[in-house]
Amino acid sequence: MTARHVLLLGPLLMLLGAAYLLPFLGVMRWSVTLPEPGFGQYHAALSDPLVLGVIWRTVRICAVVTVIAVAAAYALTLIWVRGGRTARTLVELCIMIPFWISVLTRAFGWLALLSNKGIINGWLQSLGFLSEPLTLVRNEFGVVVGMVHFLIPFAAFPLATAMRSVDERVLLAARGMGASRTRIFWQIFLPMTKNGVLGAALLVFVFALGFFVTPAILGGGRSVMVAELIYLRIFQSPDWGLGAAISVILMVTVGLLLGVMMRQNRGAAR
Amino acid sequence: MIQAAEIGATAIGKTFGQFTALADITLTIARGEFLTLLGPSGSGKTTFLMVLSGFEAPTTGRLTLDGRDMTDQPPEARGFGMVFQGYALFPHLTVEENIAFPLKVQRRSPAQIRTRVAEMVEMVGLGGHGHKLPSGLSGGQQQRVALARALAYEPPVLLLDEPFSALDKNLRGQMQDEMRRIHRETGTTFVFVTHDQEEALALSSRIAIFERGRLQQLAPPREVYERPANRFVAEFLGDINILPVAGGKIEGRPVILPGTGNAGDLAIRPEYMGLSVTEPAEGNALPARLTDLTYLGAETRLTLLTAGGVPLILHHPTNSLPDGLAPGASVWAGWAPARGFLL
């Protein structure tokens, strides 16, 4: 770390310090001072069935979203990296276009598609498949759909890196020995991209933990996740201390997972 | 001993768009032979190996295996062993698992697989490394794993694509000896691609020389070196001196030529040319000027310029070099008539 490094990193460090670190220290202080000094709010947070319920729901939704998003991204990325030229371009567009669209726009897009008077229910009813609309939003299903859609590109990038680093000749070698495509995929290709899968899963999971907009809109207040709970505690109740304590718990969890991710990346690079 | 196979290629051609990678290759690879495909990069040697393996389909021509047509067979149906450039080992599998992979594909019994893997590990001298991952092995060791994996299922033909290109010179020599031993022990037909001429001369029972997609010569190493079929082969393998002949004379001096021709290019290998201070009494000789000497230990490499301006290279034993030789000296370059050949 030379003087030049400090100079170049300076503006970024200052921004992070002023916009994230200082406010977060403030939040940490609230968590141990409001309404009275001590760790009472942490105790309250971890013994309140409502908070625990939200944490459990958050972890459950994030786990489901991670599995679906990574699996879907794996299939898409496989075509993106190894498919024919037309399929490749098509998939690239499918990954890139949503990536550039705001999370808010996408959530409302899904609402328009999935709500009781939305496009899907409209079609199904006018074609006579349904008499009552299916409940596709304002529940966990809607939240999962919206989050998976948002997170697929984020899973696709680390997966693409992992797949591109697979030596084509290794696959040719397996084929030359008479291995079937199924065997080559499960026994050679998938294990060789295992680190990409783990990296993508961690990235998606960490990202999903802090989701606010998508669950707020597609969950419709019924499938509250941690970030929304914090928002409610801080903005709609006088209970700042509890909100702050949950924030710190979320932050520490994310920090630990990021640590695991970085260690794993370093291991994979070696 | 493996049941080795004979491969026949008839008029094989391969084009990529406008580019002709192979043109009219016809040859027979004998059962159990060690054939080297040699040529500069882009000469078509690797393309030909890929056509033999089945990973590339020829544009024209037919391939046979022991007389049966295999042109349209995919690589997996041919059952050849293949060692890729860069080895292409499965990075997440241990040495033993790598070697066992093709055996598992063939659904051999676990007991058979264990025995065979142990045999192969022993044959390539990797005892004690069986549980290591490829990343924990040196380049030479990875090379051995690739060889063991390709030979584990007793293929009738083993194809090798520049297997030593990533190894340093000492290791290369050692692996070449090993390769010859393994070829002897297994008896399989080996087809080996290289751009290293020394490697080709040292290993092969025959060498196929490729240039610009065409087969230039197919012959045993000694014949390719001493009786090259054309000027490209002569110049590609080692150093060679080429003197233009017209009407039985070189630079106006009558010379004794081999065979019946009396015009063309006379080629003589540097080690068959001698140097003397006075005109030799026997054989052919040309007056020349010494331009440079390079001391190489047992041998000294001399460069000469003939009176007619043709550069010559001579490899002369250092112990019989005339005393006091220095650049600028007037000398004679001589050769026995039988040692020259007309191109």
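Which residue follows α1(B), and what is the sign of its phi? I looked there first: Gly54(B) comes after α1(B), with a positive phi near 100°.

**Ground rules.** I am working on a predicted model, where local features need pLDDT of at least 70 and side-chain atom pairs count only at pLDDT 80 or more, while totals for chains, interfaces and linings use all residues. Residues are numbered from 1 along each chain as its sequence is written, chains are lettered from A and ligands numbered from 1 in the order in which they are written, and side-chain values use heavy atoms, with hydrogens and water left out.

**Entry: helix α1(B).** Helices here are DSSP runs of H or I with at least four residues, strands are E runs of at least two, and both are numbered from the N terminus. I checked burial next (buried is under 20% relative accessible area, exposed over 50%, partly exposed in between, with a 1.4 Å probe and protein chains only). Eight of the nine residues of α1(B) are buried, so the rest of the structure largely encloses this helix. Lys45(B), Thr47(B), Phe48(B), Leu49(B), Met50(B), Val51(B), Leu52(B) and Ser53(B) are the buried ones.

**Entry: cores.** I then went through the nonpolar cores, meaning sets of buried Ala, Val, Leu, Ile, Met, Phe, Trp, Tyr and Cys residues joined through side-chain atoms within 4.5 Å. The largest one has 124 residues, and Leu151(A), Leu37(B), Phe48(B), Ile99(B), Phe101(B) and Met179(B) have the most contacts inside it. Its top contributor is helix α7 (residues 140-164) of chain A, which gives 13 residues. Another core of 22 residues lies apart from it, and I noted Val245(B), Leu257(B), Met273(B) and Leu321(B) among its members.

I picked Ile99(B) for a look at its contacts (heavy atoms within 4.5 Å). Setting aside neighbours within four places in sequence, I get Val117(B), Met120(B), Val121(B), Val145(B), Ala148(B), Arg149(B) and Ala152(B) as partners of Ile99(B). Arg149(B) turned up again in the ring search: its charged end sits over the ring of Phe90(B), 4.6 Å from the centre. The rule for that is NZ of Lys or CZ of Arg within 6 Å of the ring centre and within 35 degrees of the ring normal.

**Entry: aromatic rings.** How many aromatic pairs does a search of the whole structure find? I get 23 over all chains. Rings of Phe, Tyr and Trp (its six-membered ring) pair if their centres lie within 6.5 Å; planes under 30 degrees apart are stacked, over 60 edge-to-face, and the rest tilted.

Phe34(B) and Phe192(B) make a tilted pair, 5.7 Å centre to centre with 50° between the planes. Phe34(B) is in strand β3 (residues 34-38) of chain B and Phe192(B) in strand β8 (residues 189-194) of chain B, so to speak distant parts of the chain, 158 residues apart. Phe34(B) counts as buried at 1% relative accessibility, and Phe192(B) is buried at 0%.

Phe48(B), from the helix I began with, pairs with Phe210(B), also tilted, at 5.6 Å centre to centre and 35° between the planes. This pair links helix α1 (residues 45-53) of chain B to strand β9 (residues 206-211) of chain B, 162 residues apart. I find Phe48(B) buried at 0% relative accessibility, and Phe210(B) is buried at 0% too.

Over in chain A, ring pairs link Trp80(A), Phe99(A), Trp100(A), Phe150(A), Phe154(A), Phe157(A), Phe207(A) and Phe211(A) into a cluster. The charged end of Arg164(A) sits over the ring of Trp80(A), 5.2 Å from its centre.

**Entry: where the chains meet.** I count 20 residues from chain B and 15 residues from chain A in the contact. About 1600 Å² is buried between the two chains, with carbon and sulfur atoms giving 70%; buried area is the accessible area (1.4 Å probe) that two parts lose on being put together, summed over both. The rule finds one salt bridge across this interface. A salt bridge needs a side-chain nitrogen of Lys or Arg within 4 Å of a carboxyl oxygen of Asp or Glu. Arg175(A) and Glu76(B) form such a bridge, at 3.3 Å from N to O.

**Entry: other salt bridges.** The structure holds 26 over all chains. In chain A I looked up Arg82(A) and Glu168(A), whose closest N and O atoms are 3.2 Å apart. They connect helix α3 (residues 49-82) with helix α8 (residues 168-176), 86 residues apart in the chain. Arg82(A) is partly exposed at 36%, as is Glu168(A) at 39%.

In chain B, Glu185(B) and Arg181(B) meet at 3.0 Å, N to O. About one helical turn separates them, because they are four residues apart in helix α6 (residues 169-186) of chain B. Last note: Arg144(B), Glu178(B), Arg181(B) and Glu185(B) are linked in a network of salt bridges.
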